[in-house]
Amino acid sequence: MLKDNDQNRKPLMFYVAIAAAVILLLNAFVFPALLQRQVQEVSYSEFLKMVDAGKVTDVSLDQNNAQLIFLAKEGEDQGIFKTAVFPDDSLRERLEKAGINFAAQIPTSNSPLVNFVISWVIPILLFWIMGRLLSKRMGSAMNAMSFGKSNAKIVASEETGVTFADVAGEEEAKDALKEIVDFLEHPGKYASIGAKLPKGALLVGPPGTGKTLLAKAVAGEAKVPFFSISGSEFVEMFVGMGAAKVRDLFKQANEKAPCIVFIDEIDTIGKKRDTGAGIGGNDEREQTLNQLLTEMDGFDGKKGVVILAATNRPESLDPALLRPGRFDRRIPVELPDMAGREAILQVHMKGIKQEDRIDLKEIARATSGASGAELANIVNEAALRAVRMGREKVCQEDLMESVETVIAGYQRKNAVMSENEKKIVSYHEIGHALVAAMQTHSAPVTKITIIPRTSGALGYTMQVDEDEHFLMSRDELYNKIVTLTGGQAAEQLIFGSITTGASNDIEKATRMARSMVTRYGMGDFGMVAMETLNSQYLGQDTSLACSPAYAEKIDDQVVRLVESARKKADGILRENEGKLHELASYLLSKETITGEEFMKILKGEQAEALPAGEANTASGL
Ligand code: ADP
Ligand code: MG
Ligand code: ZN
């Protein structure tokens with residue numbers, strides 16, 4: 001671990017305490033000494049008295065010959081004194097007789113020691129303290145400012161304190177890593193049979209799935225030191241620093257074997273090297289990468305140093321990194337399935353005070369596609385909400401609400417929508433819900449709300465599948481597009497005009513339709529890839545893989561697909577216009593309704609006694 005990591009970061013209070021201690025010490029010891037050096041003024045006759053009493057040891061004149069400075073050593077009169085020069089011819093004789101040192105140098109200013117303390121030690125101390133504070137704040141940016149040598153003090157943390165029990169789900173990844181743990185625990189077993197374990201393993205998967213956590217868990221399980229550095233830390237401001245850090249890292253790791261070296265976000269240094277066509281500027285990164293490759297070849301695999309790396313862009317890595325003898329083992333860390341999500345929620349709910357009737361399955365069902373990090377965040381948001389509400393335990397509602405917070409942002413309680421806008425949003429949302437409910441292959445509606453969210457959503461309809469899908473049929477995809485168009489279709493049908501509220505729906509519908517045509521073979525082209533995914537794990541980043549002539553045809557098909565979906569939605573809404581009015585006005589009066597309420601009204605049962613006239617108020621629009 002790098003020195004300037006969180007773990008070693010002392011709180012600000014620590015430095016405040018040091019400063020306070022320094023000031024206290026100054027008060028106790030240095031300032032009294034300063035005071036002693038002060039010169040007391042006495043009368044000439046007093047001076048003579050002190051000379052006669054034998055108290056005076058040294059006498060001299062000040063620079064202007066205007067005053068006598070003298071030193072007294074005995075009794076209470078200890079210290080430095082001064083007195084006005086008095087024309088006194090007998091003085092010299094008198095001083096000689098008393099055996100007083102005259103014309104001696106008497107320092108009226110502070111002693112050199114005190115001077116030194118004031119002018120050097122205190123400022124240096126203050127600078128040092130400020131410097132420490134600053135470097136803590138700025139992290140490695142400061143390190144990069146010092147030339148010459150590597151400041152990469154990479155310190156292993158002995159115990160990560162994380163074990164496989166802290167990583168829920170991800171059983172396949174854990175299985176693959178267990179062998180490495182065993183190797184670290186008993187390197188001799190492998191060496192005696194002549195087996196070499198892979199030097200490196202690469203954890204790949206979408207962000208937040210627990211790659212970093214798994215690496216720590218391997219170290220924790222094997223109880224070996226854990227050297228961790230992230231790819232971006234390697235890339236430094238000055239040429240040579242990154243490579244020096246790699247050298248340093250491996251030197252230390254070799255001394256501490258068996259141990260784990262973990263390079264997080266290795267794609268930052270491990271990108272495919274320039275083919276020469278590029279403009280310079282990547283020298284530093286390439287040097288770092290080359291050094292890493294050299295070190296990986298150089299170290300003794302039997303010794304028990306295992307290199308783990310993590311990335312969410314495996315496709316961008318330099319092939320040289322992936323060849324046998326380097327990161328040849330690839331361990332996928334995928335988004336959790338429903339059981340995995342429940343297990344992750346369980347792990348994070350462990351330390352949280354909660355009511356008995358918590359149903360984590362429900363939360364797991366509602367969070368399809370969420371990563372471990374998002375689930376951890378949901379649990380924490382729920383705990384925060386419980387505190388805000390003045391409760392001592394987290395309840396199911398806290399969890400459900402925080403799912404929505406993570407999906408759609410916080411409720412904007414103070415946002416005031418006009419009645420008219422609320423009405424439009426109600427119809428829009430019921431449009432989605434009604435179209436979804438009237439189609440097959442469509443997840444049940446669980447909640448509809450018109451309370452605005454910080455994400456900018458003015459309302460939304462939540463659909464949650466009963467169980468998990470790994471495949472989607474063409475019908476399911478198409479019906480999803482139909483549902484997405486249902487919102488604007490309802491606006492058009494009821495108000496005769498449309499609003500900007502559907503922009504997000506439009507984006508999603510277009511993206512889906514496009515994928516159907518270009519990547520899933522569900523358009524007119526058959527099984528031809530017209531687009532390719534740039535990154536397996538990072539969402540919808542695609543690039544075109546066809547000629548411009550085909551690009552035009554793709555656009556045509558996408559437009560037609562969405563158009564036909566919109567027609568279908570429109571038909572469904574026209575057929576159920578009565579229900580649309582009834583449901584929209586119910587939503588308008590309630591602001592949030594559950595899936596059950598929605599289904600009851602849809603099936604003709606009154607969800608709740610609604611004032612007789614109200615259900616029809618909107619029908620006049
Ligand atoms: P990655 O490195 O894959 O982007 P991290 O390992 O940094 O993700 O995960 C971030 C946080 O998310 C972890 O600290 C942990 O709290 C939580 N988390 C992610 N995956 C899991 C999991 N499988 N089990 C438990 N917690 C998880
Ligand atoms: Mg990570
Ligand atoms: Zn919508």
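Gln346 is partly exposed, because its relative accessible area of 45% lies between the 20% limit for buried residues and the 50% limit for exposed ones. This residue belongs to a predicted model of a protein with 621 residues, 43% of which are buried. The briefing below places Gln346 in its surroundings and then turns to the cores and to one pocket.

**Overall architecture**

- The secondary structure of the protein consists of 24 helices and 15 strands.
- Among contacts with a separation of 6 or more, 73% link residues that stand 24 or more positions apart.

**The position of Gln346**

- Helix H14, which covers residues 338-349, contains Gln346.
- In sequence, 178 residues separate Gln346 from Ala168, yet the C-alpha atoms of the two residues are 8.4 Å apart in space.

**The nonpolar cores**

- The largest nonpolar core has 44 residues, and the members that touch the most others are Ile430, Ile448, Ile554, Leu573, Leu580, Leu583 and Phe598.
- Several elements each supply at least two residues of this core: helices H18 (419-437), H19 (474-495), H20 (503-518), H21 (548-575), H22 (577-590) and H23 (595-602), together with strand E11 (445-449).
- Helix H19 provides the largest share of the core, namely nine residues.
- A second core, separate from the largest one, has 28 residues, including Val167, Val181, Leu197 and Ala217.
- When neighbours within four places in sequence are set aside, Leu580 is in contact with Tyr427, Ile430, Gly431, Leu434, Ala490, Leu493, Ile494 and Leu573.

**The second largest pocket**

- The volume of the second largest pocket is about 810 Å³.
- Its lining is formed by 30 residues, and those nearest the centre of the pocket are Glu397, Met400, Glu401, Glu404 and Lys447.
- Two or more lining residues come from each of helix H15 (360-366), helix H16 (372-388), helix H17 (396-408), strand E11, strand E15 (592-594) and helix H23.
- Helix H17 gives the largest share of this lining, with six residues.
- Sorted by class, the lining of the second largest pocket comprises 12 charged, 11 nonpolar and seven polar residues.
- Domain 4 (338-406) and domain 5 (419-619) each contribute at least three residues to the lining of this pocket.

**Elements with two roles**

- Strand E11 supplies at least two residues of the largest nonpolar core and also gives two or more residues to the lining of the second largest pocket.
- Helix H23 likewise supplies at least two residues of that core and two or more residues of that lining.

Notes:
Residues are numbered from 1 along each chain as its sequence is written. Chains are lettered from A and ligands numbered from 1 in the order in which they are written. This is a predicted model: local features need pLDDT of at least 70, side-chain atom pairs count only at pLDDT 80 or more; totals for chains, interfaces and linings use all residues. Side-chain values use heavy atoms; hydrogens and water are left out. A nonpolar core is a set of buried Ala, Val, Leu, Ile, Met, Phe, Trp, Tyr and Cys residues joined through side-chain atoms within 4.5 Å. Buried means under 20% relative accessible area, exposed over 50%, partly exposed in between (1.4 Å probe, protein chains only). Helices (H or I, at least four residues) and strands (E, at least two) are DSSP runs, numbered from the N terminus. Contact means heavy atoms within 4.5 Å. On a 1 Å grid over the protein atoms alone, a cavity is a set of points where a 1.4 Å probe fits but cannot get out, and a pocket is an open set with protein on both sides within 12 Å along at least five of seven lines; lining residues have an atom within 4 Å of a point. Grid points are joined across faces, edges and corners, and a volume is the space filled by probe spheres set on the points. Ala, Val, Leu, Ile, Met, Phe, Trp, Tyr, Cys and Pro count as nonpolar, Asp, Glu, Lys and Arg as charged, and the others, Gly among them, as polar. Domain bounds come from an automatic or database domain assignment.
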